[in-house]
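User: I would like a close look at one part of this model, with attention to how charged side chains pair there.

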Amino acid sequence: MGEHGSGEQGWAAVDAYLVEELVPESAALVAARDAGRAAGLPAIEVAPTEGRLLWLLCRIAGARRVLEFGTLAGYSTLWFADAVGPDGHVTTLEIDPAHAAVARDNFVGAGVADRVRLLEGLAGESVEGLLAQGEEAFDLVFIDADKPSNARYLDLAVRLSHPGTVIVVDNVVRRGEVADAASEDPRVVGSREVLHALGTHPRLDATALQTVGAKGWDGFALARVRD
């Protein structure tokens with residue numbers, strides 16, 4: 001299997017190689033991740049390779065309006081802000097005021113604060129508020145917040161979508177536990193519920209992929225709102 005071998009050590013080594021070869025991680029992105037560590041935030045932001053994938057999905061879809069469930073330190077938000085460009089807009093939702101404060105500083109430091117709106121509070125309530133106000137539909141939605149609420153967030157995402165909107169749901173494999181129907185872990189149950197909803201929703205075409213890398217064994221679901 002080569003000097004790095006298999007398993008998580010090997011996955012992390014390959015991730016590092018792929019980042020070096022393929023992922024132009026800006027100084028602002030590195031600074032945002034470092035700021036999160038310095039503030040004691042959990043190291044659960046997307047890996048650089050996934051950040052780049054989200055950026056590419058935005059560019060491929062021509063997205064100019066992005067909705068993100070779960071901000072943390074704003075690392076993935078910065079990928080979106082770069083992808084949508086100076087005329088685009090990102091709305092990101094964060095429940096923790098301490099996380100939100102770090103993220104806002106990172107948006108200012110990256111020079112994109114003018115294109116990012118951070119809404120503090122329960123994500124579901126924030127989106128219900130947007131719907132009540134007649135918010136314009138989003139071109140891409142990224143769901144990466146509390147996993148037990150995934151199915152509700154998907155429903156809200158579809159309500160704020162238009163034909164062609166791309167929806168990404170992160171962390172749906174849970175080290176393979178998602179295949180265990182007997183699991184009572186609320187995060188696993190939430191992942192199973194959202195995958196079932198994706199597969200049965202009349203307005204969505206969807207798939208899911210397993211991933212391995214520096215973040216271990218997990219995966220994401222990808223969907224498109226039907227025309």
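Is glutamate 45 buried or exposed? Please set out the salt bridges around this residue as well.

Analyst: In this predicted model, glutamate 45 is buried, its relative accessible area being 11%, which lies under the 20% limit that the term buried requires. Two salt bridges of this residue can be described in turn. In one of them, the side chain of glutamate 45 meets that of arginine 37, with a distance of 2.8 Å from N to O, and arginine 37 is itself partly exposed, at a relative accessible area of 37%. In the other, glutamate 45 pairs with lysine 215, where the closest N and O atoms are 3.5 Å apart. This second pair links distant parts of the chain, since glutamate 45 sits in the loop between helix 2 (27-38) and helix 3 (48-61), while lysine 215 sits in the loop between strand 6 (204-213) and strand 7 (216-225), 170 residues apart. Lysine 215 counts as partly exposed, with a relative accessibility of 41%. Thus a buried glutamate 45 is joined to a partly exposed arginine 37 and to a partly exposed lysine 215. As general background, side chains of opposite charge can pair when their charged atoms come close. For context, a search of the whole structure finds 15 salt bridges, including one between arginine 152 and glutamate 128, whose closest N and O atoms are 4.0 Å apart.

How values were computed: Residues numbered from 1 in each chain as written. Predicted model: local features only at pLDDT ≥ 70, side-chain atom pairs only at ≥ 80, totals over all residues. Heavy atoms only, no water. Buried < 20%, exposed > 50% of the residue type's maximum accessible area, 1.4 Å probe, protein only. Helix = DSSP H or I, 4+ residues; strand = E, 2+ residues; numbered from the N terminus.
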